[in-house]
Amino acid sequence: MVIKMFLKDEILKYRTKANSIVFWCPGIEENNEVTILLNDFLLDISKERKVFFHGYRLPHKDDREIIDPAVILAKAEILLDPFNTFFHLSDARIKINHFDCACEATIYYFDNKVEWSDFLATSVIHKPIKLIEKGILSAHFTSNDHGADFWFERNKTYEKKVLQLFENMRNLGYEIKRSFHLSFPDNNR
């Protein structure tokens, strides 16, 4: 008898709307090919964007495991809420296979007119889809529950790159499924 309850399914689900595309996939564990593919994808879409990172309960010693220290332009913490850490990055040179260090981690890709101080003033962005629809936020990539799953949401500008990512993940053994009921875990969206 084979029990599969501890194995992660290699499924990527996605949903497209008129002006956005969302995908979800389970955490990648130790699959190096998928890690490289997703890291390169996130780096590629960070070109010509302001990149901000938010980590919730990110151990200080582990932030360099997630983010390449050479790309950190600024770091901030909320004095009254020390569990939230924010980074301004020159690009998204990150390692998603280490996102399990944080309870939650999000990379935000903003229009170049958004300033670091504006981002910090928002603290945590609760409804990113509204910013995507307004054209201020290009995309965000979120890891939930210590890297157990990943969510990506962006405007349709780079739909071809997203579809190419899907094809590359299919070539690595992922099952790609379109879902009409896929919704981001934040119920306020």
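**Cores, sheet and salt bridges of the predicted model**

The largest nonpolar core has 38 residues. Within this core, Leu42, Phe53, Phe99 and Ile107 have the most contacts. Helix 1 gives the most to the core, contributing 6 residues. Another core lies apart from it and holds 12 residues. Phe52, Phe110, Ile132 and Leu137 are among them. The structure described here is a predicted model.

Phenylalanine 53 was examined for contacts beyond four places away in sequence. The residues touched by phenylalanine 53 include Leu58, Ile66 and Ile67. Thr85, Phe86, Phe87 and Leu89 are also touched by phenylalanine 53. The list is completed by Phe99, Ala105, Thr106 and Ile107. Two of these partners, Phe99 and Ile107, are named above among the core residues with the most contacts.

The protein chain has 189 residues, and buried residues make up 47% of them. The chain exposes about 10,200 Å². Carbon and sulfur atoms supply 51% of that area. Contacts between residues at least 6 apart in sequence were also classed by separation. Of these, 73% join residues at least 24 apart.

The protein chain contains 5 helices and 9 strands. From the N terminus on, the elements run β-β-α-β-α-β-β-β-α-α-β-β-α-β. An open sheet of 9 strands is formed, with the order 4-5-3-6-7-8-2-1-9. Pairing in this sheet is mixed. Strand 4 (72-78) and strand 9 (175-178) are the edge strands, and each pairs on one side only. From one strand to the next, the twist averages 15°.

Strand 1 covers residues 11-16 and strand 2 covers residues 20-26. A hairpin joins the two strands through 3 residues. Strand 1 and strand 2 run antiparallel and are joined by 4 bridges. Threonine 16 stands opposite isoleucine 21 in strand 2. Lysine 13 stands opposite tryptophan 24, also in strand 2. Strand 1 pairs with strand 9 as well, here in the parallel sense, over 4 bridges. In that pairing, leucine 12 has isoleucine 176 of strand 9 as its bridge partner. Of the 6 residues of strand 1, 5 are buried, so the strand is largely enclosed by the rest of the structure.

Two helices were examined for their packing on the strands. Helix 1 (residues 32-45) lies across strand 2, strand 6 (104-110), strand 7 (137-144) and strand 8 (149-155). Helix 1 runs at about 30° to strand 8. Helix 5 (residues 159-171) packs on the sheet and touches strand 1, strand 2, strand 8 and strand 9. The direction of helix 5 makes about 25° with that of strand 2. Strand 2 and strand 8 are thus listed for helix 1 and for helix 5.

The structure holds 7 salt bridges. Arginine 93 takes part in a salt bridge with aspartate 68, and the closest N and O atoms are 3.5 Å apart. Aspartate 68 lies in the loop between helix 2 (63-66) and strand 4, whereas arginine 93 lies in the loop between strand 5 (81-89) and strand 6. The pair therefore ties together parts that are 25 residues apart in sequence. Arginine 93 also meets aspartate 91 in a salt bridge, at 2.9 Å from N to O. Aspartate 91 has a relative accessible area of 16%, so it counts as buried, being under the 20% cut-off. Arginine 93 counts as partly exposed because its relative accessibility is 36%, which falls between the cut-offs of 20% and 50%.

A further salt bridge is found in edge strand 9 (175-178), where lysine 177 is joined to glutamate 175. The closest N and O atoms of this pair are 3.7 Å apart. Lysine 177 is partly exposed, with a relative accessible area of 35%. Glutamate 175 is likewise partly exposed, with a relative accessible area of 40%. Elsewhere, Asp44, Lys47 and Lys161 are linked in a network of salt bridges. Of these residues, Asp44 falls within helix 1 (residues 32-45), and Lys161 falls within helix 5 (residues 159-171).

Conventions
Residues numbered from 1 in each chain as written. Predicted model: local features only at pLDDT ≥ 70, side-chain atom pairs only at ≥ 80, totals over all residues. Heavy atoms only, no water. Pairing = 2+ DSSP bridges. Axes fitted to C-alpha atoms, helices over the stretch in contact; angles between N-to-C directions. Contact = heavy atoms within 4.5 Å. Salt bridge = Lys/Arg side-chain N within 4 Å of Asp/Glu carboxyl O. Buried < 20%, exposed > 50% of the residue type's maximum accessible area, 1.4 Å probe, protein only. Areas by Shrake-Rupley, 256 points an atom, 1.4 Å probe, with all protein chains shown as cover. Core = buried A, V, L, I, M, F, W, Y, C linked by side-chain atoms within 4.5 Å.
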